[in-house]
Structure formats: structure tokens, C-alpha cells
Amino acid sequence: MGFWWVFTRLGRALLTAWGIASAIFLTVHLLPASADEFTLGEPNELGSAASLRTSASRQAAQQALRHRLGLDEPVFYLTRTTGPPVRWQWHGRHNQYHHWLSLLLHGNLGYSYRTSQPVAALLGAALVYTTPLMALASTLATGLAIWLALGLVNSPTAPRRWQTVVRTLLTGIQALPLFSLSLALLLLLANRDLLNVLPADGMGADYPPLGSMAWVVSYGTHLVLPLLSLVLAVLPQLTLPLEAALRQELRADYASTARAKGLTSWQVAYRHALPNALLPLLTTFTGLLPTMVAGTVVVEVLFALPGMGRLLAGAAATHDYPLVIASVLLTAAARMLALLLADILYFWTDPRLRPS
Amino acid sequence: MRYLWFGSYSLALLLSACSSPANRQAGDPIRIRWARDPETLDPLVQPNQNTVEAINLLHLGLLQLNFQTSEYDPALAEALPAVQLLGDSLTQLDYHLRAAATWDDGHPVLATDVNFTLKLLNCPGLPSEGVRSQFGFIQQLQLDPTDPRHFKLVCQGQAPEYPWESGDFPILPEATLDPTHSLRQFSLASLQQAAKTPPTVLLAFAKRYQTLSQGYYPNRVPGCGPYRLAGWQPNRSLTFERKATWWADRLRPAPLVLQAHPKIIKYVILPDDGAAMLALRRHELDVYPAMQARAFQRLKALPFAQQELAFYSSASYDLLYAGFNTRRPTLRDKLTRQALSCLFDPAGLLAGTQLGQGQRTVGLLPPSSPFYNDSLPLPTYDPACAAQLLRRAGWQLVAGGWRRPPAQRLVLSLRYRANDETFETVALQFRAAAAKLDIPVELRPTEATTLNHTLHAGDFDVFVRILKGSPSGFNFAPILHSRAVREGNFVGYTSPTTDSLLEAIVAAGPPARKRQLLRKFQVLLREESPLLPLFFMSYRLAADRHLSHLLPSGLKPGYSAAAIISSDGLPAAPH
């Protein structure tokens with residue numbers, strides 16, 4: 001596995017991300033509802049006495065807006081006239097796709113239709129919340145999954161009671177949709193009628209001075225619920241397969257040999273079985289990486305986190321295409337990189353899989 | 001395991017101590033729930049209601065809405081403008097600005113600032129297309145060379161609503177935004193025409209304006225409103241701080257629209273209704289506006305709520321109504337539309353969806369309006385009458401449904417916004433009522449962003465939606481005039497009689513004449529039934545009991561944040 005292999009895969013990943021973003025770009029422009037309707041806002045339906053003329057003035061406003069946003073240009077290099085007769089028309093470089101691509105190649109993701117802010121700035125502001133939270137949640141969930149799986153397989157004879165309870169709980173949590181899980185946690189832990197121990201106002205608005213211990217505690221308290229939701233949501237899907245894989249590895253001959261040599265069951269599981277058991281689950285672990293840039297809409301809405309999921313959902317609802325396309329591009333790139341990382345980890349842990 | 005329990009218990013105690021907020025203390029900010037971010041604070045853009053609310057704290061218009069009377073009161077203007085009709089197509093509005101009005105830097109607010117703002121709204125290259133179309137009727141501003149605070153607005157057309165509609169935009173300072181007076185060389189009319197090929201001077205000005213990024217850094221431009229932005233964490237919170245000295249503080253007596261009591265107003269953005277309700281109960285919020293009916297009732301019923309919270313409900317101008325596609329051959333005749341109107345149950349729907357909080361109506365005006373036609377009966381659910389009307393319309397009930405020669409079959413599709421409990425209930429009630437008469441109804445819930453497009457395209461038989469009105473909203477042309485068929489006239493209803501009546505209503509000056517025309521319009525609407533008004537919705541508001549003078553109103557946002565008076569440390573005010 002050399003530099004060129006990684007370079008080629010990286011190039012291929014970026015090409016795939018670009019292909020996905022291009023497909024989204026062309027698809028969103030086929031939607032019946034135009035972006036300018038949402039950017040211009042709802043017309044004042046009954047209030048204006050001047051409304052007898054609004055038909056013309058609104059059309060003029062729409063035209064001006066479409067011109068400012070570049071929506072009056074053709075979508076692609078080649079378009080088909082509605083006809084009859086149906087004809088294909090070549091537009092050269094004067095089209096929306098070419099403009100978007102040129103900006104992209106210069107590192108510019110475009111500008112939001114609704115606020116005219118650079119898309120990169122909006123994504124950056126959202127990633128500041130999403131990436132650390134998701135990274136922390138993924139790390140905690142992974143660590144906890146390994147610890148739980150090792151604990152669950154560590155029973156010399158019959159399963160202990162706590163192991164049965166944990167397994168049942170994990171299976172139950174896995175059956176719950178994320179929304180129900182998060183809402184249940186909120187209602188349980190931030191409710192005057194039950195446990196009134198955590199805040200319900202999302203990330204809150206009143207914080208002590210930045211950097212002080214009180215700030216850390218206050219910030220940490222506000223993070224508990226979203227973090228707990230995210231960890232619990234992925235914990236069963238990491239722990240249960242890992243436990244099954246560990247059990248299978250512990251039945252292998254090399255594990256029996258290790259036990260015969262006098263190693264404790266914990267040492268056998270941790271030192272010998274775990275590295276092998278983790279192999280089939282590498283894709284699952286690296287699959288958590290894209291969520292670090294994509295976020296989770298449900299958790300972000302419920303706990304008022306200003307992250308990527310909310311940004312993307314809001315942009316999609318208001319047809320803010322530059323923002324939608326940039327978010328998709330970013331998420332697709334992260335997904336491709338996660339797959340590449342999974343491959344590299346496989347090759348690193350099992351040299352037999354390396355390309356010749 | 002013992003350590004685990006001890007750790008958990010300590011953690012719970014710590015969290016509880018850190019997170020349980022105490023009741024309001026003296027000087028605490030007023031924390032108001034918003035469901036979404038304002039996105040920008042640029043007065044030219046105003047993409048949503050929250051932006052409008054925030055901008056009204058930073059800037060002032062000539063007139064401001066008085067939430068107590070639901071009328072416009074003078075703000076920067078000394079009084080409502082004097083109106084003079086010029087010929088039969090123009091209106092002249094005479095304004096005087098208050099002598100006390102100043103910007104934050106101490107400079108007076110002058111007529112040249114108003115002139116500049118109007119030109120700014122119409123300057124090509126700026127993202128002001130929405131606002132521009134709203135104030136496009138103002139054609140000229142005439143300055144008075146002898147009085148820098150006196151000016152006249154010349155408006156195209158004549159309408160009784162012009163005096164207050166002409167003053168509802170934030171005035172911005174010319175000295176900061178255009179120090180070189182580059183817009184003075186252009187007339188307002190020439191700017192309105194310059195959209196296609198704007199001169200370089202205008203493009204340069206537009207670029208300069210945008211580099212100020214006023215939408216995100218509003219403090220770069222001095223305002224004349226009572227607050228300044230103290231902090232904005234996008235999608236989390238906005239904090240506004242009362243200016244220590246504000247020009248309107250010197251006015252005696254202070255008009256209601258120029259009162260600003262809270263020292264700090266904090267808008268907390270909580271998208272989820274359930275989380276917002278928990279936050280209100282935990283005193284992490286003080287004001288929860290636009291509450292859903294069920295949540296409002298549930299909260300009101302809680303034992304602690306009556307001691308800690310105050311509840312307000314105001315009749316709004318938002319009307320839930322059903323519309324019929326009059327372009328469809330089956331719905332072209334009024335008898336069929338009248339029959340289908342009888343299958344909606346406004347009383348039951350009001351009780352079922354709003355728990356009775358709202359007002360039934362005979363037409364498009366609320367019962368509180370002086371022009372309401374109370375001689376008309378309220379629409380009611382009457383399937384027997386519906387069947388009778390269908391027969392009178394020529395329909396015959398044969399095997400498989402209602403048919404009419406030559407080959408018409410009464411089968412309906414009903415569109416409404418998806419994921420909305422109220423619309424879904426209306427749709428299900430109508431379908432159930434229609435099914436009893438053997439009229440098949442296909443429900444087509446449509447995603448919000450494509451619903452308008454679908455209605456414009458006429459791809460429906462019946463729709464249910466909300467019509468946003470206002471106390472002065474007597475202009476029904478946008479939804480029923482034949483010229484609005486490609487716009488807001490989704491039902492496609494066209495009639496020369498209705499057109500002339502709608503135009504006469506808009507132009508009518510004396511209230512007696514207006515009353516006569518509006519009563520006639522309500523009768524006509526009932527007779528023709530292109531749409532069926534179901535009921536006016538209510539705005540519900542819950543607030544901490546220590547807050548008073550919220551001025552709950554049926555107008556958005558349903559309260560006045562600047563008017564709120566806090567009695568922290570004192571016994572709760574009776575409500």
C-alpha cells in the first residue's frame with residue numbers, strides 16, 4: 001500500500017463527492033417550487049392597500065431577485081426547450097452549473113440565497129458545534145462499547161444478572177427511534193415532575209465568564225443531554241455485534257491455547273480476541289465519521305444545538321440551494337474519506353488484505 | 001458498585017445545583033422564546049417575523065404599531081400624516097418629524113434620512129426586493145427647503161390605508177451609510193426604473209453597503225431605536241441592551257410605542273415546542289409566545305402554573321379557510337360549492353383543533369371588525385342541506401357516486417400542508433362527511449415548500465390553508481380579483497361584479513361607504529362560495545407572573561417586548 005494508492009483513492013473519493021453534489025445541483029433545480037419564492041418571503045395577503053398593483057410589482061421583484069442570484073441563467077451547459085418543437089440548446093459557459101463549479105474550484109462554496117452570507121462561514125459556524133460534539137460522542141460510545149462488550153463476554157459459567165440486564169437494556173434502546181430516546185431523556189431529566197436535574201433550554205443563553213470553572217460546569221451541564229442521546233443511540237449497534245464477534249473469537253483455538261498458558265479470561269479477551277473481533281466492525285466505527293460533519297437533525301432540534309443537521313434541514317425547507325449543495329458535498333466527502341480510512345485500517349491490521 | 005452509586009448520586013446533586021434555575025431576580029433579563037433564528041438583522045431583507053421584531057428594537061419607523069389599539073401611532077413622525085388627494089390617481093402625505101428624534105451619535109433625524117432610506121430600499125443590487133415591492137407605491141419625497149424635518153410623500157393611487165402603510169419601514173441614517181451623498185443625484189422614480197441597467201455609481205454604493213454587513217453587525221450603523229445588539233449567537237440566542245440615554249426618554253408623556261422598559265431582552269432560540277415548555281416550567285424562559293392550543297391548555301391545568309405563570313389569549317387575524325378550484329368543471333357552479341361548504345364543520349373543528357379558542361366568522365372579516373356582517377348566519381355542518389344543494393345543482397346519486405350530465409363525476413382531491421395537525425383534522429373531517437354522501441375525497445398532504453406552487457398551478461379541487469390578515473386588511477383583491485389569478489387567487493374565481501366591488505372597497509374613504517361595500521362583499525362571498533372561512537385562530541402566550549404590560553395582541557408577534565414591565569422582587573401582579 002503506497003502513496004499512489006492512497007492518492008488515487010483520495011482522488012476517486014473527491015470525484016465521487018463532486019459527482020454526488022453535481023447530481024444534487026441538477027436535481028434541486030428540477031423541483032417545481034422556485035428558490036426565489038422563499039427568498040422573497042410570503043406576500044402580505046390582505047394588509048396592503050397597494051396590493052392591486054402587487055401582481056406586477058411582485059413579478060418585478062422576483063425578476064430582480066432571480067437576476068441578483070443568477071437564477072435567470074440556464075441551469076446547465078445543455079438544456080432542452082419545452083417545445084414544441086423540443087430542441088436541445090447549448091449555452092456555453094453562461095449557466096448556473098458552470099458558475100457554481102468555477103466558484104468551487106476557487107474554494108468558494110457560494111452565498112446563501114436568504115442571507116447573502118458566504119456558505120463557508122455558515123458551515124464553519126455550524127461545524128464548531130457539530131464536530132466536537134459528535135467526535136466526543138463517537139469516542140465515548142466506542143470506548144464504552146468496547147468496555148461493555150468485554151464485560152459481557154467475561155463470564156466463566158452462566159451469564160451474571162447485570163449482564164442480562166445490560167444486554168436487555170441495549171436491545172431495548174436499539175429498538176427505540178432516536179427521537180423517542182432523546183425526548184424520553186429530556187422528559188426524564190429536565191422535568192419538574194420527574195428528575196429536575198438538567199437544563200431544558202438547549203445550549204442556554206446565560207453563561208458565567210468564559211474559561212472559569214463555573215463556565216465549564218454550566219457548559220458541561222448543557223451538553224449532558226445531547227451527548228447522552230447520541231451515545232445511547234449508537235451504543236447498542238456497536239456493543240452487541242462486538243460482543244458476538246468476541247464470543248466467536250473466544251471459541252477459537254488460539255484463545256484456548258492462551259487460557260491453557262494461564263492467562264486470565266480478561267487478558268485473553270482484551271489482548272488476543274479483541275483485535276480480531278474488531279476487524280469486521282471497523283466499517284461500523286469509521287461509519288461514525290460522516291456524522292461529525294453531517295450532525296443529527298433530531299438531537300439538534302430537540303436540544304437547540306446550532307449544528308449542521310439543523311442548518312441543512314432549514315436550508316432544504318427554504319430551498320437555499322447553495323447551502324444544501326455545499327452541505328451535501330461536505331457530507332459526501334466525509335463519507336468517502338471514512339470508507340478510505342476503513343480500507344487503510346483493514347490493510348494495516350490485516351496485511352493479507354493489502355493490494356498487491 | 002457502591003462507588004458507582006455514590007458517584008451517580010453526587011453527580012445528580014451537582015447537576016441539580018448547577019442547572020435548576022431560581023425564580024426571577026431583580027434586573028434579570030426578559031427571556032423570550034423564538035422557534036427560529038432571525039437569520040439577518042438587515043432592515044432591507046427581513047426574511048421572517050423574528051427579523052422584523054428585532055429590527056423594531058434597533059430602528060424606528062415614522063409610525064409604529066400600537067399593540068394595545070392595533071393601530072399605527074406616530075413614532076419618528078410627530079403625528080399621523082395629513083392626507084391630500086391629488087387628482088384621481090395620486091395621494092400626498094404630509095409628515096413632520098419629531099424635533100427630539102436623534103441618532104445614537106446625537107445627530108438629528110431629518111427628512112433627508114427618510115428620503116435616503118426610500119432610495120436605499122429601491123437601490124438596485126441590494127437584497128431589498130421584498131421590501132421594495134411593498135413600498136413601491138411611494139413615488140416621490142418632496143423636501144421642504146425651509147424645514148429639514150418636514151416632507152411630503154407622493155403616492156401612486158388613492159387608498160384610506162396609505163397614511164399608515166407609508167410609514168411602516170425603519171429609517172436609516174444617511175450620514176453613516178452614504179457620507180458622500182451618492183444617492184442624492186438620483187430621484188426615487190429613476191431608482192425604481194434602474195433595476196435592469198444600474199449605473200456604476202449605484203453598483204459601487206450597493207457594494208459599499210454590503211461590506212458593512214449590517215445584517216450581522218447592526219451596531220456599525222447608529223439607530224434611533226431604544227436597544228442595541230449586545231450579543232448574537234446564531235441559532236442560539238440574541239441579546240438586546242437598552243440604551244442608557246435614548247431620545248424618546250425625554251418625551252412627556254411618553255407615547256406607548258416609544259416606551260422601552262426592560263434593560264435586557266434575550267431571545268432564546270428553541271426550535272422544539274416540548275423543550276420550550278419544559279424550559280418555561282423550569283424558569284429558563286419568561287415569555288413563550290405563539291403556543292399551541294393543546295400545550296397551552298395542558299400547561300394552564302398544571303397546579304403550579306396559576307401561581308407562577310400568566311396566560312393570555314388574543315383573537316388573531318389569521319383565518320383558517322377552505323378554497324374550491326372554480327376552474328374545475330365540477331366546481332364551476334356556486335350550488336355545488338355551497339353544498340360542499342355544508343360538509344365542513346367549523347364549530348366542531350374549532351373545538352377539536354383549537355379547543356374552542358378562536359372565533360367563527362361569516363366571512364373574511366373577524367367578528368370584532370366594525371364592518372362585520374352580523375346579519376349573515378354562521379356556516380354550519382349540514383349534510384342534508386348539502387345533498388339537497390347537490391341535487392339542485394344537477395347532480396344525481398347513482399351507483400358509484402354523484403354524476404351529472406354529460407359525464408361529470410363528483411370526485412375531489414384535497415390539498416393541505418403536510419405535518420400540521422390542524423390541517424389534517426380539517427381534511428379528515430371533510431373526507432368523513434363527504435364519504436357519508438358517497439363523495440370520494442382523496443387527501444393530498446403536500447410539503448410546505450411545494451404547496452404554493454401546486455395551488456398556483458391549480459392542481460387541486462379543494463385546499464385548506466391559513467390566510468394572514470390585519471386589522472386594516474380590507475383589500476381582498478389579492479385573493480379574489482381576476483388580476484390575481486396567477487398570484488394569490490388560488491381558487492381562480494373571476495367575476496366583473498366582484499372585481500369592481502373589490503376595487504370600490506379599496507378606494508372607499510368614508511367608513512359608512514366602506515361598511516356598506518364590505519357587508520355587500522360578505523353576502524356575495526357567501527352566495528358565490530369560492531372559499532369557506534372556517535374560523536379565526538388565536539394567539540396564545542404564557543409568561544412569568546412577575547411580568548406585566550406585555551400588551552398581548554392578535555397581531556404578530558402577539559406582544560410587545562419593549563413594553564414589558566418586570567416586578568421582580570415584588571409580589572406577582574394579578575392578571
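This is a short talk on helix packing, the nonpolar core and some backbone details in chains A and B. One thing before I start: the model is predicted.

Let's begin with chain A and its helices. Take helix 5, residues 119–153, and helix 15, residues 321–349. Their axes are 10 Å apart, and the packing angle is about 55 degrees. The two helices are therefore oblique to each other. The crossing of helix 5 and helix 15 of chain A is right-handed. Which residues make the contact? From helix 5 of chain A, we have Val119(A), Leu122(A) and Leu123(A). From helix 15 of chain A come Pro322(A), Leu323(A), Ala326(A), Ser327(A) and Leu330(A). By type, that contact has 7 nonpolar residues, 1 polar and no charged.

Second pair, still in chain A. Helix 7 covers residues 178–189, and helix 8 covers residues 213–250. Here the axes come within 10 Å and cross at roughly 140 degrees. Parallel, antiparallel or oblique? Oblique, because only angles over 145 degrees count as roughly antiparallel. The crossing of helix 7 and helix 8 of chain A is right-handed. On the helix 7 side, the contact uses Leu178(A), Leu181(A), Ser182(A), Leu185(A), Leu186(A) and Leu189(A). On the helix 8 side, look for Leu225(A), Leu228(A), Ser229(A), Leu232(A) and Ala233(A). The split for this contact is 9 nonpolar, 2 polar and no charged.

Now the core. In soluble globular proteins, nonpolar side chains tend to be buried together. In this model, the largest nonpolar core holds 235 residues. Which members touch the most others? Leu76(B) and Leu541(B). Helix 5 of chain A, which we met a moment ago, gives the most to this core, with 15 residues.

Let's stay with Leu541(B). Leave out residues up to four places away in sequence. What does Leu541(B) touch then? One group is Val287(B), Tyr288(B), Pro289(B) and Met291(B). Tyr312(B) is another partner. The rest are Leu550(B), Pro552(B), Gly558(B) and Tyr559(B).

On to the backbone. Most residues other than glycine have a negative phi, and most peptide bonds are trans. Chain B has some exceptions to show you. The peptide bond from Pro405(B) to Pro406(B) is cis, with omega near 5 degrees. To find Pro406(B), go to the loop between strand 15, 401–404, and strand 16, 408–409, of chain B. Another cis bond joins Lys556(B) and Pro557(B), with omega about 5 degrees. Pro557(B) sits in the loop between strand 21, 547–548, and strand 22, 565–566, of chain B.

Leu551(B) lies in that loop between strand 21 and strand 22 as well. Its phi is positive, near 50 degrees. Is Leu551(B) buried or exposed? Buried, because it has 21 C-beta neighbours inside 10 Å, and the cut-off is 20 or more.

Next, His181(B). Phi is positive here too, near 55 degrees. His181(B) is in the loop between helix 6, 174–177, and helix 7, 188–193, of chain B. His181(B) counts as exposed, because only 11 C-beta neighbours lie inside 10 Å and the limit for exposed is 12 or fewer.

Last stop: Val52(B). Val52(B) is in helix 2, residues 49–58, of chain B. With 15 other C-beta atoms within 10 Å, Val52(B) is partly exposed. How far is its C-alpha atom from that of Asp42(B), 10 residues apart along the chain? The separation is 9.5 Å.

That's my tour.

Conventions: Residues numbered from 1 in each chain as written. Chains lettered and ligands numbered in written order. Predicted model: local features only at pLDDT ≥ 70, side-chain atom pairs only at ≥ 80, totals over all residues. Axes fitted to C-alpha atoms, helices over the stretch in contact; angles between N-to-C directions. Helix = DSSP H or I, 4+ residues; strand = E, 2+ residues; numbered from the N terminus. Parallel < 35°, antiparallel > 145°, perpendicular 65-115°, else oblique. Left-handed = near helix turned anticlockwise from the far one by under 90°. Contact = placed C-beta atoms within 7 Å. Nonpolar A, V, L, I, M, F, W, Y, C, P; charged D, E, K, R; others polar. Core = buried A, V, L, I, M, F, W, Y, C linked by C-beta atoms within 7 Å.
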